[in-house]
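Hi,

Here's the structure I promised to pass on. Have a look at it first, and my notes on what turned up are underneath.

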Amino acid sequence: MELLRVKDVSMIYGHRAVLDNVSLSFEEGKIIAITGRSGAGKSTLLGIISGLQKPHKGSVYHKDKDIFKWMDFKRARFRNRTMGFVFQFFNLFPDMTAYDNILYPVSLNRKAPSGIKKEIEALAELLGITEALKRNPATLSGGERQRVAIARAVINNPSIILADEPTGNLDEAATKGIIDLLITLKKERGLTTIIATHDETLVKNADINYHLEDGKITVLERAAKKPAGKAVKKKPNSSAM
Ligand SMILES: Nc1ncnc2c1ncn2[C@@H]1O[C@H](COP(=O)(O)OP(=O)(O)OP(=O)(O)O)[C@@H](O)[C@H]1O
Ligand SMILES: [Mg+2]
């Protein structure tokens, strides 16, 4: 089923169309890799899909609704309820422990689900950051911070994850842990993940690879092999804010 559609989107900086009348569709429950050299417009495209950045031309539809026709508050609520973000530069809160960083999106909910502590601990174990939970980001390695950011992005049970270079600081084993997590969440919760990346391992595990060049999108390759993901406990309560 189609979840998101980008239609005739252009983004022009100076004389350069970073996105030049781009149209593409994202299906529910898929892992989508967006590749392209530095400056090709990957982060710009993610910003537009999230509704944070309005394109100069064109529309973004979420389940057939044009998200840029909504009032700002409605778009913000939509973002909080349906999306999790992994930013290119993590954006962790420096004065909070890793645990509190991961808990943060949940703490915005009206009511924290019971069992959240166990869930964070299970996620941390899966991602190999158990020892990091009590520490602040400044004392963590780049790769550990990145995995804390990923845990924070998935903790609120979003239906879409937007990840900007989520494995830039990770070794092979840690990258594999993230792929396992994303594949598990895709299978168990129908999570859709859109990843801007240069990482070959991630691209290989994506269901579809869109490539950005000179403002245009092409489909590079389809259908990944499917390594088994580990089990992650389902969460009953999800979205309210
Ligand atoms: N607000 C802005 N004003 C002017 N130019 C911008 C603005 N935002 C982005 N750009 C330019 O648009 C281009 C695309 O930027 P973007 O951050 O989307 O690239 P990217 O593909 O994510 O690159 P990277 O792989 O380095 O993260 C770049 O050349 C950038 O300098
Ligand atoms: Mg970028």
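**What I found**

Lys42, Thr44, Leu45, Leu46, Gly47, Ile48 and Ile49 are the buried residues of helix H1. That is seven of the eight residues in the helix, which spans 42-49, so H1 is mostly covered. One thing to bear in mind as you click around: this is a predicted model. Just past the end of H1, Gly51 has a positive phi of about 85°.

Next, strand S3. All five of its residues (31-35) are buried, so the strand is largely enclosed by the rest of the structure. Ile31, Ala33 and Thr35 cover one side, with Ile32 and Ile34 on the other, and both faces are covered. S3 also has two strand partners to look at:

- Strand S8 (residues 192-196) runs parallel to S3 and is joined to it by four bridges; Ile31 has Thr193 as its bridge partner there.
- Strand S9 (residues 208-213) pairs with S3 in the parallel sense, again over four bridges, and here Ile32 is partnered with Ile208.

Then there's the largest pocket, with about 420 Å³ of space in it. It is lined by 20 residues, and Asn80, Met83, Phe85, Pro105 and Leu108 are the closest to its centre. Helix H2 (72-82), strand S6 (83-86), helix H3 (98-107) and helix H5 (142-154) each put at least two residues into that lining. By class, the lining has 11 nonpolar residues, six polar and three charged.

Cheers

Key: Residues are numbered from 1 along each chain as its sequence is written. Chains are lettered from A and ligands numbered from 1 in the order in which they are written. This is a predicted model: local features need pLDDT of at least 70, side-chain atom pairs count only at pLDDT 80 or more; totals for chains, interfaces and linings use all residues. Side-chain values use heavy atoms; hydrogens and water are left out. On a 1 Å grid over the protein atoms alone, a cavity is a set of points where a 1.4 Å probe fits but cannot get out, and a pocket is an open set with protein on both sides within 12 Å along at least five of seven lines; lining residues have an atom within 4 Å of a point. Grid points are joined across faces, edges and corners, and a volume is the space filled by probe spheres set on the points. Ala, Val, Leu, Ile, Met, Phe, Trp, Tyr, Cys and Pro count as nonpolar, Asp, Glu, Lys and Arg as charged, and the others, Gly among them, as polar. Buried means under 20% relative accessible area, exposed over 50%, partly exposed in between (1.4 Å probe, protein chains only). Two strands pair if DSSP finds at least two bridges between them.
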